[in-house]
Amino acid sequence: MTSVVPIEAARPAAQSALPRVGVLLVNLGTPDTANARGVRVYLKEFLSDARVIEDQGLIWKAVLNGIILNTRPRAKARDYLKIWNTEKNESPLKTITRSQSDKLAAALSSHAHVVVDWAMRYGNPSIKAGIDGLIARGCERILTVPLYPQYSASTSATVCDEVFRVLASLRNQPTLRVTPPYYEDEAYIDALATSIETHLSTLSFAPELIVASFHGMPKTYVEKGDPYQSHCVATTQALRRRLGMDETKLLLTFQSRFGFDEWLQPYTDKTMERLAKEGVRRLAVVTPGFSADCLETLEEIAEENAEIFKHNGGEEFSAIPCLNDSDPGMDVIRTLVLRELQGWI
C-alpha cells in the first residue's frame with residue numbers, strides 16, 4: 001500500500017546561504033610508504049583494476065598474486081627510495097599534487113564558495129575521501145579534474161569509474177562535472193613549450209634533439225578504440241609547430257611497458273639505445289603526458305634511460321621537469337578549471 005505525504009507536511013530542502021562548488025584534482029596514485037609492503041598494497045589495487053589490466057581472469061590473478069606481488073614490490077621500493085621526499089615522508093607525486101591544489105585554491109580565492117581538494121586514483125588520499133570531504137564542507141556541485149592531458153580508459157576513465165562508484169552509494173548526490181582531456185589545448189602547449197625553452201636555456205650543452213616520452217599502453221587497447229595514441233600524436237605535432245621543430249628534432253616515444261604483449265612503439269628505452277649508437281651525443285627528454293613528476297619521470301627517465309643512453313655512447317642527457325606546480329603549469333590547470341566552472345561561479 002502506498003502512503004501519501006501531505007504537501008503541507010513535507011519539509012522544504014535545507015537551503016545553504018552560499019551553495020558551495022567543489023573542485024577535486026585527481027592524479028594516478030602512489031604508495032604510502034617506500035617499502036615493499038607499501039608498494040605491494042599500491043600495486044595490488046592498481047593492477048586489479050580492469051581498466052589497467054583488462055583481462056582479470058584466473059591466469060592473471062594467479063600471476064599477480066603468486067609472482068608479481070611477491071617479487072616486484074621489493075625492487076620498486078628501491079626505485080621509490082631514490083626519489084622519495086624524505087622530509088615529508090611521501091612520494092614527489094603526492095607533494096606536487098598537494099601543492100597544485102593549494103595554488104589553485106589561492107588562485108580561486110576570490111570565489112569564496114569554491115572549495116579545492118585533491119585525491120589519488122590509487123592509494124591515499126582516496127577519491128572517496130576527497131568527495132566525502134567536499135560534501136562535508138557543503139559542496140552541492142563537484143568538478144572532477146583528472147590530471148591527464150591525453151585521455152585513455154586506463155587513466156581518465158578509471159577516475160570517472162571510481163567517482164561514479166562513490167556517488168552510487170549516496171542518496172543525496174552532488175551534481176557532477178568532469179574536465180575533458182586537454183592534449184592540444186593552447187594553454188597546455190604554450191606551457192610545455194615555455195617549460196622546454198626555459199630548461200634548455202639553463203643547460204651547459206645544446207641537445208641535438210628532444211624526445212617526447214609518453215606512458216605506453218598495450219597496442220590491443222588502441223585497436224579496441226582507445227584514443228590515447230592519437231592524443232599523444234596530436235600533442236607532439238602541436239608542440240613541434242609551437243617550437244618550430246620537425247619529427248627529426250622532436251621524437252615521439254612510449255615508455256613503461258609491462259608484461260609480454262606488444263605495446264605502443266617506438267619504445268623509449270630502445271630509442272635511447274638506438275640514438276646513442278647512431279652517434280647522437282647530446283639529448284633532452286620531455287614527458288608531456290605527466291602533469292607532475294613521479295617515479296616514471298624521476299627514476300625511469302632521469303636515471304634508467306639516462307644510463308641506457310650513456311652506456312651506448314651518449315654523453316649529455318637532461319630530463320626536462322614536468323609542468324608540476326610551476327607558474328605555466330598552474331596556468332594550464334586554472335584555465336581548464338575556470339572554463340569548466342562556467343555557469344557555476
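This tour moves from the whole chain to its aromatic rings.

Begin with the entire chain displayed as a cartoon; the model is a predicted one. The cartoon shows 11 helices and eight strands. Along the principal axes, the C-alpha trace spans about 85 × 50 × 45 Å. The radius of gyration is 22 Å, which agrees with the value near 20 Å for a compact globule of 345 residues.

Next, switch to a surface representation. About 16900 Å² is exposed by the chain, with carbon and sulfur atoms supplying 51% of that area. Of the 345 residues, 50% count as buried. Among contacts with a separation of 6 or more, 77% join residues 24 or more positions apart. Colour the charges: the mean positions of the 38 positive and 43 negative charges lie 5 Å apart.

Now select the aromatic side chains, among which the structure holds seven pairs. Start with Tyr42 and Phe46: the ring centres are 6.0 Å apart and the planes meet at 5 degrees, so the pair is stacked. Helix H1 (residues 36-47) carries both Tyr42 and Phe46, four residues apart, or about one turn of the helix. Both Tyr42 and Phe46 are buried. Add Tyr122 to the selection to see the aromatic cluster that Tyr42, Phe46 and Tyr122 form.

Finally, centre the view on Tyr182 and Tyr188. How are these two rings arranged as an aromatic pair? The pair is edge-to-face, with 5.3 Å from centre to centre and 85 degrees between the planes. Tyr182 has 7% relative accessibility and therefore counts as buried; Tyr188, with a relative accessible area of 1%, is buried.

Note on methods. Residues are numbered from 1 along each chain as its sequence is written. This is a predicted model: local features need pLDDT of at least 70, side-chain atom pairs count only at pLDDT 80 or more; totals for chains, interfaces and linings use all residues. Side-chain values use heavy atoms; hydrogens and water are left out. Helices (H or I, at least four residues) and strands (E, at least two) are DSSP runs, numbered from the N terminus. The radius of gyration is taken over C-alpha atoms; the globule rule is 2.2 Å times the number of residues to the power 0.38. Buried means under 20% relative accessible area, exposed over 50%, partly exposed in between (1.4 Å probe, protein chains only). Contact means heavy atoms within 4.5 Å. Accessible areas come from the Shrake-Rupley method with a 1.4 Å probe; for residues, only the protein chains shown count as cover. Lys and Arg count as positive and Asp and Glu as negative; His and the chain ends are not counted. The place of a charge is taken as NZ of Lys, CZ of Arg, CG of Asp or CD of Glu. Rings of Phe, Tyr and Trp (its six-membered ring) pair if their centres lie within 6.5 Å; planes under 30 degrees apart count as stacked, over 60 as edge-to-face and the rest as tilted.
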